[in-house]
Amino acid sequence: MNDFIIKVNHLKYKYSDANEYSLQDVSFNVKRGEWLSIIGHNGSGKSTLISALDGLIEINGGSIEVDSVRLTPATVWDIREQIGLVFQNPDDQFVGATVEDDIAFGLQNRKIDHDKMHQIVDQALELVNMMKFKYKSPSDLSGGQKQRIALAGIIALTPKIIILDEATNMLDPVGKKQVLSVIRELKQRYSLTVISITHDVNELKLADRILVLNDGIVVAENRPEEIFNQPQKLLKLGLELPYSEQIKWELSRFGVDIPEHYMNEGAFIEWIKQFPLKK
């Protein structure tokens with residue numbers, strides 16, 4: 001089995017009304033079962049890249065392979081069956097009058113047997129802990145609940161890859177925590193590959209690897225701790241630092257001798273404990 005579930009080689013794309021390419025010679029691979037986060041300032045090419053991966057736009061150059069199948073007009077629908085997209089606004093994905101109807105919609109399109117379909121719907125709702133909302137209208141749910149229903153609808157279709165297009169941006173901290181917890185559990189249970197576009201540092205810390213885009217070019221690609229270890233570069237690109245790095249940055253402005261390497265929150269708390277409290 002190929003270790004890479006996605007291969008992107010020398011990808012180029014330019015919108016018809018644009019003067020410059022939104023994606024310029026982008027190349028990277030995604031390992032099977034990996035969590036890859038893609039970050040970059042607004043307009044860096046993140047959403048364009050996701051659209052290309054799902055075959056929503058026709059690329060101008062390069063190639064994309066998903067599970068060893070090259071993306072072409074002839075294979076695009078087969079590839080889309082391997083990918084589940086979760087968007088920023090879950091309302092954009094709802095088509096059913098009830099939660100049950102919405103999750104069943106994709107299964108009906110695949111002509112799944114009626115009895116089996118109801119079994120799959122119930123299993124998907126159990127997985128995201130939303131069974132009690134089965135007969136509710138999606139419009140009556142909170143933002144976090146809506147995203148969990150959107151996830152259930154995708155999981156019911158058994159994709160190999162889940163792409164989160166800023167899927168937690170509109171949620172409050174509790175909703176974000178709940179949705180990310182569900183995604184992490186589903187990833188582990190089904191060995192899913194996760195690709196997330198996000199500005200949320202807490203979400204970035206869940207990633208195995210981070211890819212940084214700037215003006216359609218991959219400018220960095222590494223483990224989270226290595227990416228976070230370059231605070232000046234991230235700030236220059238207009239990106240947010242983890243909270244511990246923000247505090248370190250402020251302390252350095254007051255002449256405090258701070259460690260140069262990145263520390264997660266636990267390590268940062270242990271480091272800061274060394275400073276005596278003033279009475």
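Contact here means heavy atoms within 4.5 Å. Keep that handy for the exercises below, which use a predicted model.

**Exercise 1.** Work out which residues of helix H3 are buried, and what covers them.

*Solution.* Start with the cut-off: a residue is buried when its relative accessible area is under 20%. Run that along H3, residues 99-109, and you get Val-99, Glu-100, Asp-102, Ile-103, Ala-104, Gly-106 and Leu-107. Now for the spacing: an α-helix has 3.6 residues a turn, so residues three or four places apart point the same way. Next, look for the cover over those buried residues: it includes helix H4 (114-127) and helix H5 (143-155). Finally, step just past the end of H3, where Lys-111 has a positive phi of about 60 degrees.

**Exercise 2.** Decide how the chain's compactness rates against a globular protein of its length.

*Solution.* First take stock of the elements: 11 helices and 10 strands. Then compare radii: the chain's radius of gyration is 21 Å, close to the 19 Å the globule rule gives for 279 residues, so the chain is as compact as a globular protein of that length. For the outline, the C-alpha atoms fill a box of roughly 70 × 50 × 40 Å along the principal axes. Now go inside: 48% of the 279 residues are buried. Of the contacts with a separation of 6 or more, 62% join residues 24 or more positions apart.

**Exercise 3.** Describe the chain's surface and its charges.

*Solution.* Begin with the accessible surface, about 14,900 Å², with 48% of that belonging to carbon and sulfur atoms. Then count charged side chains: 32 are positive and 39 negative. Last, locate the centres of the two sets, which lie 4 Å apart.

Key: Residues are numbered from 1 along each chain as its sequence is written. This is a predicted model: local features need pLDDT of at least 70, side-chain atom pairs count only at pLDDT 80 or more; totals for chains, interfaces and linings use all residues. Side-chain values use heavy atoms; hydrogens and water are left out. Helices (H or I, at least four residues) and strands (E, at least two) are DSSP runs, numbered from the N terminus. The radius of gyration is taken over C-alpha atoms; the globule rule is 2.2 Å times the number of residues to the power 0.38. Buried means under 20% relative accessible area, exposed over 50%, partly exposed in between (1.4 Å probe, protein chains only). Accessible areas come from the Shrake-Rupley method with a 1.4 Å probe; for residues, only the protein chains shown count as cover. Lys and Arg count as positive and Asp and Glu as negative; His and the chain ends are not counted. The place of a charge is taken as NZ of Lys, CZ of Arg, CG of Asp or CD of Glu.
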